[in-house]
Amino acid sequence: MYQIDFSKPCEVHFIGIGGISMSGLAEILISEGFKVSGSDRAESELTMHLRELGAEIYIGQSSENIKNPDVVVFTAAIAEDNEELVAARKKNIPLMPRAELLGELMKNYQEAINIAGTHGKTTTTSMITEILLEAQKNPTVTVGGILNSIGGNIRVGGSELFVAEACEYTNSFLSFFPTISVILNIEEDHLDFFKDIDDIRYSFKQFIERLPQSRKGFLVMNGDIEHKEYFLNNIKCDYVTYGLSENDNYRAENITYDELARPSYTLVVNGKKSGTVKLSVTGEHNVYNSLAAIAVAERLGISLIDAKAGLKHYTGTKRRFELKGEYKGIKVIDDYAHHPREIRATIEAARKYPHERLVIVFQPHTYTRTNAFLDDFAKELGKADLVILDDIYAAREKNTIGISSKQIVDKINEAGGNAYYIPGAEKIIKFIDENLQTGDLLITMGAGNIVEVGNQLVSM
């Protein structure tokens, strides 16, 4: 495997450099004196930003883009017959998956903090970042969303702290070298890659074992995770759990909500009450995320005063229960939820938010996920007062299983719900204009491009 050494900058080419993760890694390398080039299918704000920093950017992917870099970085989304990938192989240029590059970068920092889990990675990574900034640390951060306080998805800092999301898909996180790991939850997802929940659990167990098995390693785990003994037995690093149970090292008591569904709670650390934590984001799931962030902060020697202040300053990441604006007296919120458990958490948060009717416009993400969780999607979405389903966002897949959003709609209506299948943003906006009323709360939901429905409504 090719090794990246900050003390010996080389030339790196990225296939798909405009992706939110790839662009962040490219920016870190540029800041460390590496020569960076890359290609993408279309120009974007991220590619333009990298060009301003000195990267050589190609729009369109061609074998001619592969000059003589020392290494070519690619993602799992790049097909085997990609012209640039084929050209690199012909020239015997070392190839490195994105996950391996991210893992190599971690070796260059004193502490590598990885946030893993089926849900909540971006939010918890952002919370930890806010705390580190409040404590006047200088972290390097790569996050899977846009965080206003760092002006994007990347922050290039010093060589002490590296904070990154750790995704389980295709076992990417098994290429990482964390010193501190957070496990937020472990549930069924990405069943186009994993066989079943046991396969997923085994992957997370392997990830935990990548921590230094000594006092140098530290694990923060949600105490509600099923079969947590399977993960904790025989590990030799330090660990803590968090949640609402008296058995958890970090727990929340007396949770209350303000008029905008933002929680406050009494923090209890190892049985000792440690004051009140106030959050500026909604929902009980964010109480859990904040507990994980506090546990990481204390491990790094950060005071509870700074941890609480950092959490109070965190007002959300783009596409995480993000208030977009209003349309004819209808509040429009956008949320990235694309898994049944995430939908449940978002609806629970929305129920505490002031509204007349809760209306969800949902765009399922990938055919395999829709097929695997068909009944669960119908069950959770059916809790809204009105549901509109757009077509499935294909992402990396083709519909070889004959699945459709209409099947979710039919199941919701059979159970007594109120759902409509309306494909396409134009028709959805027309339906909203004709059927919603002042006081309704509209949430556009999904990991695809459904956000554009809310953007258009607000701009109108």
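Student: Which residues are buried in α4?

Tutor: This is a predicted model, so read every value as computed from it. Buried means under 20% relative accessible area. In α4 the buried residues are R98, A99, L101, L102, G103, E104, L105 and M106. That is eight of its nine residues, and the helix is mostly covered.

Student: What does I4 touch, leaving aside its neighbours within four places in sequence?

Tutor: A contact means heavy atoms within 4.5 Å. I4 is in contact with L101, E104 and L105, among others. L101, E104 and L105 are also on the list of buried α4 residues. Further partners of I4 include V12, L29, F34, V71, M96 and N108.

Student: How should I read a nonpolar core, and how many residues has the largest one?

Tutor: In soluble globular proteins, nonpolar side chains tend to be buried together. Here the largest nonpolar core has 50 residues. Those with the most contacts inside it are I4, F14, L29 and I183. Helix α1, residues 20-31, gives the most to this core, with six residues. Apart from that core lies another, of 43 residues. I131, V182, Y242 and I294 are among its members.

Student: Where does Y109 lie? Is Y109 buried or exposed?

Tutor: Look for the flanking elements, then check the accessibility. Y109 lies in the loop between α4 (98-106) and β6 (111-116). Y109 has a relative accessible area of 9%, so it counts as buried.

Student: What does Y109 touch, not counting residues up to four places away in sequence?

Tutor: Y109 touches F6, I28, T140, G158, S159, E160, L161 and F162. For a distance across the fold, take Y109 and P139. They are 30 residues apart in sequence, and their C-alpha atoms are 9.9 Å apart in space.

Student: C167 is another loop residue. Where is its place, and is C167 buried, partly exposed or exposed?

Tutor: C167 sits in the loop between β9 (161-166) and β10 (180-183). Its relative accessible area is 26%, so C167 is partly exposed. Outside the residues up to four places away in sequence, C167 touches K121, S172, F173 and F176. C167 and N114 are 53 residues apart in sequence and 9.3 Å apart in space, C-alpha to C-alpha.

Student: How do I read a positive phi?

Tutor: Most residues other than glycine have a negative phi. A positive value therefore deserves a look in a residue that is not glycine. Take Q136 and A261 in turn. Q136 has a phi near 60°. A261 has a positive phi of about 70°, although it is not a glycine.

Student: Where do Q136 and A261 lie?

Tutor: Q136 lies in the loop between α5 (121-134) and β7 (140-147). A261 lies in the loop between β13 (250-257) and β14 (263-269).

Student: Is Q136 buried or exposed? And A261, buried or exposed?

Tutor: Q136 is exposed, with a relative accessible area of 73%. A261 counts as buried, at 0% relative accessibility.

Student: Now α12. Which of its residues are buried, and what covers them?

Tutor: List the buried residues, then ask which elements lie over them. In α12 (residues 374-381), L374, F377, A378, E380 and L381 are buried. Their cover includes the helices α10 (340-351), α11 (367-372) and α13 (405-414). It also includes the strands β18 (358-362) and β19 (386-389).

Student: Where does T370 lie, and is T370 buried or exposed?

Tutor: T370 lies in helix α11. It is buried, with a relative accessible area of 0%. Leaving aside its neighbours within four places in sequence, T370 is in contact with F377. F377 is one of the buried residues of α12. T370 also contacts P364, H365, I392, I403 and I408.

Student: Step back to the protein. How many helices and strands has it?

Tutor: The protein has 15 helices and 21 strands.

Student: What does the radius of gyration say about the protein?

Tutor: Compare the value with that for a compact globule. With 460 residues, such a globule would have a radius of gyration near 23 Å. The protein has 22 Å, which agrees. Its C-alpha atoms fill a box of roughly 60 × 55 × 40 Å along the principal axes.

Student: How many of the 460 residues are buried, as a percentage?

Tutor: Of the 460 residues, 55% count as buried. The accessible surface comes to about 19500 Å², and 45% of it belongs to carbon and sulfur atoms.

Key. Residues are numbered from 1 along each chain as its sequence is written. This is a predicted model: local features need pLDDT of at least 70, side-chain atom pairs count only at pLDDT 80 or more; totals for chains, interfaces and linings use all residues. Side-chain values use heavy atoms; hydrogens and water are left out. Helices (H or I, at least four residues) and strands (E, at least two) are DSSP runs, numbered from the N terminus. The radius of gyration is taken over C-alpha atoms; the globule rule is 2.2 Å times the number of residues to the power 0.38. Buried means under 20% relative accessible area, exposed over 50%, partly exposed in between (1.4 Å probe, protein chains only). Accessible areas come from the Shrake-Rupley method with a 1.4 Å probe; for residues, only the protein chains shown count as cover. A nonpolar core is a set of buried Ala, Val, Leu, Ile, Met, Phe, Trp, Tyr and Cys residues joined through side-chain atoms within 4.5 Å.
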